[in-house]
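Work through the exercises below with the structure open. Try each task before reading its solution.

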Amino acid sequence: MIAPVEAYVTLSAILFFIGIVGVIARRNPLIQLMSIELLFNSANLALITFARSWGNNAGHIFAFLVITVAAAEAAIGLAIVVIVFRKTAFVDVDEVSTLKG
Amino acid sequence: MIGFVLLALALVASALFVVTASKPVYSVVGLLANFIALAITYLTLHAEFLAVIQIVVYSGAILILFVFVIALLSSGVKPFAAGPDRAPRILGPALVCAAVGAAVVVVAALLTPFAPEAIYGLTGQADVFGSVADFGNALFHHNLLPFEVTAFVLMVAIIGVVLLAGDDGPPPSRRPKRNREPIAKPGRERIAR
Amino acid sequence: MHPLLLLIWLGPLAGAVVLWAFGPQLRSLAGPIGSALVGVSFMAALSEWGSATLVDGSLEGVRQPLFAWLPQLAFGLQWDRISLVWTLIITGVGFLIHVYSIGYLAGDRAFARFFAYLNFFVFAMLTLVLSDNVVGLLVGWGLVGLASYLLIGYYIDRPSAVAASRKAFVINVVGDVGILYAVFVIVAKIGAIGYGDIFAKLTAFTPGELFIVCLALFVGAAAKSAQVPLHTWLPDAMEGPTPVSALIHAATMVTAGVYLIARFAPLWSASADARMLAGSIGALTAITGAILGCVQWDIKRILAYSTMSQIGYMIMAAGVGAYSAGILHFLTHACFKALLFLTAGIIIHNLGDEQDVRKMGGLRKQMPFAFAAMLVGVCAICGVPGFSGFFSKDDVLSATLAHGHPVMWFVGVVTAGLTAYYMGRMFLVTFFGAYRGNIDPSELGMRHPELAGTSQTAGRHPEEEEHAPAHAPAWLMSGPVAILMVPAVFIGWIAFGPNGGASAWTQFFAPVFPADVPVPGTPPDWVTSAIVLVLIVAGFGVAFLRYGNPRALLDAVPRLRIEAVRTPAILANAFYFDTAIDALFVKPAQAVGRWFGSVVDPRVIDAGVREASISANWLGHLFRSFETGLVRAYALTIAFGVACFAIYYVVIGVGR
């Protein structure tokens, strides 16, 4: 580790909340999904940091599984986006508001 | 320390770029930069195997998936203009929440007394932390069940994707239809039916 | 075990229920059925005479227990001399009036309903007089008020009748408040509801409390017996059919107040203030009724005011402690007042529902039987010697004097003279002279048919007016009247005893009431009788001079008109009692009701309900505003939740 643990954790937190802002503030579902990937990655960073800090490679295993699940989730999310927005010209999440009220 | 600062800057800058780019393709490129920087960060944390997995799976598969979908959804129609042309109203509260959350975590992290790091060498042996052998040992000995379950999860994901966005059924047949009219017998008038 | 007592009491109830339930099917059978049940009760009461007069040690009469909820809450029937007298009158006169009604109301559309109500009334009155406990008394009291309401308002499609029945009921309720309060105090103090228990523990009351209890009881008696100032309902109650007026508002219900005082005699004897109060009110009512009777033109109203006046006599007597005199007057009054009312009913019926005496006249030749009956009744009520009223009225007056109330005695004597005057006036105007039925009403001073008193011009329902009035056998109506003439003359003789000595009547009541001890210095009874006789003659004389002498008979029309027009306003408005009550109570109550209807109802109650629905609506809208349908807004809420969790777990910590 080339920096103290606190630095890595701070970095992870910053990335996490940038991801959250991305999900909330963008109307393009694809960019929202990419922001969700950011969230996953920030969690992975924290996991691996602590794995290194405690000398326990369970964190590595966990991060590995996170990557796997993130892949599956990205696939399905993209499939849903494709279906929902197949026929529209602009891809805008705010248009899918039929549950309003 | 300098290395970490540089990496951190790269990570944050690319993340911000992903979130604020005007076109999705730009976001993909930014995300790629983010993943590569993250892989290097993993290397600094002695997690070599995961660094490679990060490059191969994340930037090699998932990002390509994104690129394909971007291409699919933009075909034949107007280029994407779905990004915010002005700041959405929701940005304010979102930033506030994010800032508060981040600040809290950061402060907590700074105040938490972490244990001093363990000292390890940097060789690729099985008993060395972060090596492939070490990782494989742990994965296939202690965590075999989660490994198999993730295989199952991936299979379900594939089936789901195929079901959701798969074919529209068999293509329309181009063979001419068989003429089913009976051959007219001589001597009999066929009155219009 | 006295099964006949139960028969007496419950027979009329069975009749009421059966006639209510099967009235439309029974139609004209309802009359004989109702009458028969009351007649059976009368026979049973007669046969039980012996057990009523039984004196068994300290227990007087017999008791039929009904059921005991608790030892202190034991209900039963009491059959002693007081209840015997009342029962005989209720069932006896009641039976005669039932038979009379068969003739009077023949062809009426709701014939069965009338008899159901009459039977119900008999049952209610019997409950009142037969109960051996104050709770049964209250039940009977209330039911009798209900029966009166139902019967006054019998002609349900006449607004004046409906208003009169409501007025009667409301004033009765005022009295109910008084008697309820008294009963509550008694039961709270004594802890038991039976008369025997109450009278045994009278010493538990202080004199002040006793007076309050007697005062409250008297309020109830005043309302039921139409004493001043709660008398205003009685003249209006004449809206009911004449048999109803005869039975309820002359013979029985209005005497419930007298019964109350007689039954609570031990309380009354213990409180001199209560006696003073009761006697004064009774005397005041007697003279008020007599004065107002002198200016009435409706024959039934004349009789109503005379009832009020005579009951004043009864209350006066019972109030001052001369209980047996009061009960005697009740006995004779029931007979001759019923006679007078039923005869008036015959007149009204035969004249096609004409009630104003100004439009009568000369009926002596047209209706000789009515003439004879009315003559007997008038002599009885005035106290002409030899008739029953003579004995009872003089008994009342001399007893009042003997108990040391000369002022009341004087008022009573003057009233006797007035009674002779107005009864003579009624008799002469009705039966002598020329028949005035065909004369234009305005010539007789009748300003407007309705204003000339209660007009039963729609006595029967409009569709029945085509029927000839005399399609029922005449004996149904004249028979009871003829029968009543007998006791009207002779029943008073049971009180004949030389100079207040031991007459059959005083002996009869000796075990119940303490013997009257005259105040020393009281003149002997014959003095009272002589003075009253003089006044009766004077009253008749004045009436004859004004209405009966040949010149008066010739000039009847203009004389009557002048008298009608010149009636002093204070008398024409019945001393403004109605106006005062209206202004003090009715109008404010109506104003409060209107205020509630126009202000409270729409603004408070309706608004409250509306507000409830509006706030439910608003709450719904509030929650709806969260459902924007926008994914990003939902994501924001999740982020917010995450921030909260971060703060909680990191700052506050979970078992750090």
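## Exercise 1: The contact of chain C and chain B

Task: Describe the contact that chain C makes with chain B, from its residues to its chemistry.

Solution. Start with the residues. Chain C brings 9 residues to the contact and chain B brings 8 residues. The model is predicted.

Next, take the area. The two chains bury about 690 Å² between them, and 91% of that lies on carbon and sulfur atoms. Arg632(C), Leu636(C) and Val650(C) supply 54% of the area that chain C buries against chain B, more than any other three residues.

Now look for polar links. The rule finds 0 salt bridges across this interface. The count of residue pairs in polar contact, both at pLDDT 80 or more, is 0 as well. Finish with the classes: the side of chain C that touches chain B has 8 nonpolar residues, no polar ones and 1 charged.

## Exercise 2: The contact of chain A and chain B

Task: Do the same for chain A and chain B, and find which helix of chain A gives the most residues to the contact.

Solution. Residues come before area again. Chain A contributes 67 residues and chain B contributes 84 residues. The buried area is about 6900 Å², with 79% from carbon and sulfur atoms. In chain A, the residues that lose the most area to chain B are Arg26(A), Met34(A) and Arg52(A). Together they make up 10% of what that side buries.

Then check the polar links. Salt bridges across the interface of chain A and chain B number 0 by the rule. Residue pairs in polar contact number 6, both residues at pLDDT 80 or more.

Now assign the elements. On the side of chain A that touches chain B, two or more residues come from each of α1 (5-25), α2 (29-54) and α3 (58-84) of chain A. The answer is α3(A), with 19 residues. By class, this side divides into 48 nonpolar, 13 polar and 6 charged residues.

## Exercise 3: Ala94(B)

Task: Is Ala94(B) buried or exposed? Which residues does Ala94(B) contact, beyond its neighbours in sequence?

Solution. Locate Ala94(B) in helix α4 (residues 91-111) of chain B. Its relative accessible area is 0%, so Ala94(B) is buried. Leave aside neighbours within four places in sequence. Ala94(B) is then in contact with Val21(A), Ile24(A) and Leu636(C). Leu636(C) also appeared in Exercise 1, among the three residues that supply 54% of chain C's buried area against chain B.

## Exercise 4: The nonpolar cores

Task: Which residues touch the most other members of the largest nonpolar core?

Solution. The core has 210 residues. Trp86(C), Phe121(C), Phe264(C) and Trp268(C) touch the most other members. Helix α16 (residues 323-350) of chain C gives the most to this core, with 18 residues. Apart from the largest core lies another, of 58 residues, including Val5(A), Leu33(A), Ala63(A) and Ile62(B).

Now zoom in on Trp268(C). Not counting residues up to four places away in sequence, Trp268(C) touches several residues, among them Cys214(C), Leu217(C), Phe218(C), Ile261(C) and Tyr323(C).

## Exercise 5: Glu354(C)

Task: Where is Glu354(C) found, and what lies 3.0 Å from a polar atom of its side chain?

Solution. Glu354(C) sits in the loop between α16 and α17 (363-366) of chain C. Its relative accessible area is 22%, so Glu354(C) is partly exposed. The cut-off for buried is under 20%. The backbone nitrogen of Asp356(C) lies 3.0 Å from a polar atom of the Glu354(C) side chain. Beyond four places in sequence, Glu354(C) touches Ile348(C), Lys359(C) and Met360(C).

Terms used. Residues numbered from 1 in each chain as written. Chains lettered and ligands numbered in written order. Predicted model: local features only at pLDDT ≥ 70, side-chain atom pairs only at ≥ 80, totals over all residues. Heavy atoms only, no water. Core = buried A, V, L, I, M, F, W, Y, C linked by side-chain atoms within 4.5 Å. Buried < 20%, exposed > 50% of the residue type's maximum accessible area, 1.4 Å probe, protein only. Helix = DSSP H or I, 4+ residues; strand = E, 2+ residues; numbered from the N terminus. Contact = heavy atoms within 4.5 Å. Buried area = accessible area lost by both parts, 1.4 Å probe. Salt bridge = Lys/Arg side-chain N within 4 Å of Asp/Glu carboxyl O. Polar contact = N/O pair within 3.5 Å; in protein donor to acceptor, adjacent residues only side chain to side chain. Nonpolar A, V, L, I, M, F, W, Y, C, P; charged D, E, K, R; others polar.
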